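Reader: I would like a close look at one part of this model, set against the whole chain. Please keep to what can be computed from the atoms.

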Amino acid sequence: MSTAIAKNLMAEMKLLGMLATFDQALTNATRDQTGCSEFIDTLLQAEIDYRQKKKTGHRIKSAKFAMRAAFEDIDFTASRSITKAQIKDLYSLQWLNEGRPVLFIGQTGVGKTFFAQAVGLHACACGKSVLYMTVTTWLENVALARSSGTYLRYRDKLVKPDVVIFDDMGMRKLTSTEAQDLCEILEERSSGKSTVFTTQLLRSALRNSCNALHIVMQSLVQ
């Protein structure tokens, strides 16, 4: 079979990872005189890497992050109370594997939103589904869902992701109905799912959440 036919078949079967690396892999195999099995291994690995990257991109898009925050972009010279040990704990995703919630607590400007979204982006890269939203957006969506009779469907949507990030919790007091809605979501997510909150309320009732990983963030520069 000619290389042109092989490439056409890859394109037809949507083996785009193989197709993208085929020419270079063939050149390297010819130069290094590698065997057929090694050449096929290279193509298969390229296809696997391509599909994983595509899936990760889809998870990131579906998460609806407000920014592309990443652990690699963390400025460790900044004066924050969060420790490297805490960052390592967050990065390990052990809390996610255990289905524990995470609370980022601190005043405006200390990086709560950045860290929460960095956690979410890392979870996406590790194959986990994530959904990010501000509490204001959540409240608007809940009101819209209730008015359109689709509340239960919307609630189910929030239950499915491995991680849901609620940003700016406590910006205003929830009504009794809104508080009940939140409790229902958390109860549905309590089995094997993790929920991440950012809040300025140091004495928030959320801080008493059972088994939560608390990250109290405050500037060390006055």
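In what order do the elements of the protein run from the N terminus on? After that, please look closely at the loops on either side of helix H4.

Author: The model is predicted. From the N terminus on, its elements run α-α-α-α-α-β-α-β-α-α-β-α-β-β, which comes to nine helices and five strands. Of the 222 residues, 39% are buried. Among contacts between residues at least 6 apart in sequence, 78% join residues at least 24 apart. The exposed area of the protein is about 13,100 Å², with 53% of it supplied by carbon and sulfur atoms.

Now the loops around H4. Helix H3 covers residues 36-63 and helix H4 covers 84-92, and Lys64 sits in the loop between them. Lys64 is not a glycine, yet its phi is positive, at about 60°. Its relative accessibility is 53%, so Lys64 counts as exposed, the cut-off being over 50%.

On the other side, Leu93 lies in the loop between H4 and helix H5, residues 94-97. Leu93 is likewise a non-glycine residue with a positive phi of about 60°. Its relative accessibility is 6%, and because buried means under 20%, Leu93 counts as buried. The two residues thus share a positive phi of about 60°, while Lys64 is exposed and Leu93 is buried.

One further surface feature belongs to the N-terminal part. Met1, Ile5, Leu9 and Met13 form a nonpolar surface patch, together giving about 440 Å² of accessible area. Of these, Ile5 lies in helix H1, residues 3-12, and is partly exposed at 45% relative accessible area.

Definitions and conventions:
Residues numbered from 1 in each chain as written. Predicted model: local features only at pLDDT ≥ 70, side-chain atom pairs only at ≥ 80, totals over all residues. Heavy atoms only, no water. Helix = DSSP H or I, 4+ residues; strand = E, 2+ residues; numbered from the N terminus. Buried < 20%, exposed > 50% of the residue type's maximum accessible area, 1.4 Å probe, protein only. Contact = heavy atoms within 4.5 Å. Areas by Shrake-Rupley, 256 points an atom, 1.4 Å probe, with all protein chains shown as cover. Patch = residues over 30% accessible without salt bridge, like charges linked within 9 Å, V, L, I, M, F, W, Y side chains within 5 Å. Salt bridge = Lys/Arg side-chain N within 4 Å of Asp/Glu carboxyl O.
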